[in-house]
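Student: Please take a close look at one part of this model, the pocket and the segments that go with it. I would like a connected account that builds outward from there.

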Amino acid sequence: MDAPAPLPHRQPRGALGKHRRRRPALVCQDAGTQRAPAAVSAVPPRAGVAAGRLAARMGQAARPLDRPLRRRVRRVCAAGRAGRESVPMSDALPQTALRGRWRAQLAMLEQRFKLLTFVNTMVPTMAALGLQFVTFAITARGLGVEQFGRYTGLLAIVGVGVELVGLGGADLLVRAVARDRTRFRGYYGNMLMLIGLTLPLVVALGVAVATGAMHSTVAVTLIVAALAAEIGVARMSASLELVMVAHGHNARAGVVRMTTVLVRLVLALGFFVGLGYSDLDQWIWVVFAQAVVMMGCYAWLGARQYGRPLWQVVRSELYTGSMFCVTQTARSAQSNLDRMVLSRYADDTVLGLYGAASRFLQLGMFPVQVITRIIYPKYFVHGADGIAASRRYALRMTPLLLATGVASGLLVAAAALLAPHVLGRAYDGTVQITVALALSLPLVAVQYPAADALTGAGRQGLRALIYTLASIGFGFVLLAGTRWGGVNGLILAYLLGHLGLALVLWSAAFLCRDAPGAQPT
C-alpha cells in the first residue's frame with residue numbers, strides 16, 4: 001500500500017532536515033546580494049523556523065522572528081529560488097545582527113580595557129570636575145589673589161595630610177575585599193578607627209609645619225580648623241570611594257566624589273555670591289561645619305550599603321597599612337611640596353598665582369586617578385601569581401594611562417587660557433605656569449602602573465622605600481630650583497623630578513624578583 005502523501009504544511013525530512021543543514025546560502029555574483037536555498041522557503045507555514053535558521057547563517061542568532069523580519073527573509077528565499085532578482089544584503093542582514101556585532105565589540109573592549117566601566121565612572125567624575133572647577137573659580141575670585149595665596153599654603157599641607165590619616169586602612173580594605181567580601185565589616189571598622197585616631201595627630205603636625213617651616217600668617221586657631229575640615233572630609237570621601245570600588249561599584253564611587261564637590265559649590269555660591277562675603281577667616285569656619293556633617297554622613301552611608309563596622313584595629317595589618325600610607329604620602333608630597341617650598345620664599349601674590357595653576361593641574365589628574373582606581377584591585381589578583389604576572393598586567397594598562405595623561409595635559413593647557421576671564425585679571429600670570437605644569441601629567445600617569453605592580457605582588461615595602469627616598473630628593477630638587485630660578489626654576493625641577501621617579505619605578509618593576517617562598521598577602 002502506498003504511503004500517504006505528506007500534509008500540505010509538512011515537508012519530508014530530506015527537504016527540511018538533512019539538506020537544510022548541508023546546503024549553505026548562495027552568494028550572488030552581484031556585490032552585496034545573497035540567495036538562499038529553495039528548500040528553506042518551500043513551505044510558508046514553517047517559514048518562521050526556516051528563516052530563523054537562515055538568519056543564523058548570516059550572523060544572527062536563531063530565535064523566533066517578528067513578522068516584518070519573516071517577510072524579508074521570505075523575499076530572499078523566493079529570489080534565490082526563482083533567480084529573478086537580487087535582494088540587497090541590507091534586507092538579509094537586519095539591524096539586530098549589526099547590534100549584536102556592536103555588543104560583541106563593546107564586550108571585548110570591556111574585558112580588555114574596562115571601557116564601559118571607565119565611561120560609567122567618568123560620567124559622574126567629569127561632572128564633578130566641572131563642578132569643582134566652578135567652585136575653585138568662585139573661591140579664588142571671591143578671596144582675591146593674596147588671600148587665596150595664604151589659603152593655598154594650607155591646602156598644600158592638606159594634600160599630604162590626607163594620605164597620612166588612616167595609616168592605609170582604606171587600601172587594606174580594598175585588598176581584603178577584592179579577595180573575600182565577607183571580610184568587609186572587620187576592615188571597615190579598622191579603617192574608621194584608624195581615621196579617628198590619626199586625624200588629630202596629623203592636624204597637630206600640619207600646624208607645626210604651617211607656623212614653623214612655612215611661616216603662615218593665618219591664625220593658629222584657623223589653621224587647626226582648616227586642616228581638620230579639609231583633611232577629614234577628603235579622607236572620608238576617598239575612603240568611601242575605595243569601599244565602593246572594592247565591591248565593584250565604580251559608578252557609585254564617582255557619585256560620592258560629585259556629591260562632595262556639589263556641596264562645596266553650594267557653600268561657595270551662598271558665601272561669596274549670595275551673601276557677598278570675601279573674608280578668609282569666615283570661609284574657614286563655614287568649611288569646618290560642612291566637613292563635620294559630611295564625614296558623619298559618609299561613615300553612615302558605608303555602613304548602610306555594605307554592613308555595620310566591627311570596631312577593631314587589625315594589629316597584624318598595621319605594618320602593611322603603614323607601608324601603604326608611606327607610599328601614598330610620599331607620592332602626594334611630590335604634588336604639594338612645590339607650594340610648601342614656594343610659600344617660604346615667595347609672597348602671597350606669587351603663591352596665589354602658582355596655587356591657581358596647581359588647581360588646574362589637580363583637575364587634570366582626576367581622569368588618571370579614576371582609571372587607576374578602577375584597575376587597582378586587579379593588581380592584587382594578578383600579583384597573587386608573582387611579580388611577573390603583576391608586571392604583565394601593568395604593561396597592558398600603561399598605554400591607556402599614558403593616553404589619558406596626554407589628553408588631560410592638553411585639556412589643562414587649553415583650560416588655562418580661560419584663567420584671566422574666569423578668575424579675574426589679577427590671575428594673568430597663571431596661564432604660563434599652568435601650561436608648563438601640564439607637561440607633568442603624562443609623566444605622573446606612567447608612574448602608577450609600575451608602582452601598583454609592586455604593590456600587587458606584595459612588594460609594598462620596596463615601593464614605600466622608593467617613594468620615601470624620592471620625596472626627600474624631590475624636596476631638595478624643588479628647593480634648589482626655587483632658589484636658582486624662582487618660579488621657572490621650580491617648574492623645571494618639578495618636571496625633572498617626576499621623570500626621574502617614573503624611570504626608577506619601572507626599573508624596579510623589571511629588576512624586582514619574588515622573595516623565595518613568599519606569597520603576596
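Tutor: To sort a lining by class, Ala, Val, Leu, Ile, Met, Phe, Trp, Tyr, Cys and Pro are taken as nonpolar, Asp, Glu, Lys and Arg as charged, and the others, with Gly among them, as polar. The model is a predicted one, and what follows should be read in that light.

With those classes in hand, the lining of the largest pocket sorts into 15 nonpolar residues, two polar residues and one charged residue. The lining comprises 18 residues, and Val-160, Val-209, Met-214, Leu-337 and Met-340 are the ones that lie nearest the centre of the pocket. The volume of the largest pocket comes to about 380 Å³. As to where this lining comes from, at least two residues are supplied by each of helix 6 (115-164), helix 8 (184-211) and helix 12 (318-345). Helix 12 gives the largest share, with six residues.

Two of these helices lead into loops that deserve attention for their backbone. Most residues other than glycine have a negative phi. In the loop between helix 6 and helix 7 (169-179) sits Leu-167, whose phi is positive, near 50 degrees, although the residue is not a glycine. Leu-167 counts as partly exposed because its relative accessibility is 28%. The loop between helix 6 and helix 7 also holds Gly-166, which counts as buried because its relative accessibility is 4%, under the 20% limit. Gly-166 also comes into spatial relation with a residue elsewhere in the chain, since its C-alpha atom is 9.0 Å from that of Asn-190 while the two are 24 residues apart in sequence. The loop between helix 8 and helix 9 contains His-215, another residue that is not a glycine and yet has a positive phi, of about 55 degrees. A relative accessible area of 48% is why His-215 is classed as partly exposed.

From that loop the account can pass to helix 9 and its charged contacts. Side chains of opposite charge can pair when their charged atoms come close. The structure holds eight salt bridges, and two of them can be described together. In one, the side chains of Arg-264 and Glu-230 meet with an N to O distance of 3.3 Å; this pair links distant parts of the chain, with Arg-264 in helix 10 (residues 250-274), Glu-230 in helix 9 (residues 220-246), and their positions 34 residues apart. Arg-264 counts as buried because its relative accessibility is 14%, and Glu-230 likewise counts as buried because its relative accessibility is 11%.

In the other, Glu-241 is joined to Arg-257, with the closest N and O atoms 3.4 Å apart; here too distant parts of the chain are linked, Glu-241 belonging to helix 9 and Arg-257 to helix 10, at a spacing of 16 residues. Both Glu-241 and Arg-257 are buried.

Another salt bridge involves Asp-338 and Arg-339, whose closest N and O atoms are 3.9 Å apart. Asp-338 is counted as buried because its relative accessible area is 2%, and Arg-339 is counted as buried because its relative accessibility is 2%.

A few further contacts place other helices in the picture. Leu-301 lies in helix 11 (residues 280-306), and its C-alpha atom is 8.4 Å from that of Leu-240, although the two residues are 61 apart in sequence. With a relative accessible area of 23%, Leu-301 is therefore partly exposed. Asp-452, in helix 18 (residues 447-456), has its C-alpha atom separated by 9.4 Å from that of Ala-509, 57 residues away along the chain. A relative accessible area of 3% is why Asp-452 is classed as buried.

The nonpolar lining of the pocket can finally be set beside a nonpolar part of the surface. Trp-484, Leu-492, Leu-496, Leu-499 and Leu-503 make a nonpolar surface patch of about 560 Å². Leu-496, one of these residues, has its place in helix 19 (residues 460-511), and it counts as exposed because its relative accessibility is 52%, over the 50% limit.

Key:
Residues numbered from 1 in each chain as written. Predicted model: local features only at pLDDT ≥ 70, side-chain atom pairs only at ≥ 80, totals over all residues. Heavy atoms only, no water. 1 Å grid on protein atoms, 1.4 Å probe; cavity = no way out; pocket = protein on both sides within 12 Å on 5 of 7 lines; lining within 4 Å. Points joined across faces, edges and corners; volume = space filled by probe spheres on them. Helix = DSSP H or I, 4+ residues; strand = E, 2+ residues; numbered from the N terminus. Patch = residues over 30% accessible without salt bridge, like charges linked within 9 Å, V, L, I, M, F, W, Y side chains within 5 Å. Areas by Shrake-Rupley, 256 points an atom, 1.4 Å probe, with all protein chains shown as cover. Salt bridge = Lys/Arg side-chain N within 4 Å of Asp/Glu carboxyl O. Buried < 20%, exposed > 50% of the residue type's maximum accessible area, 1.4 Å probe, protein only.
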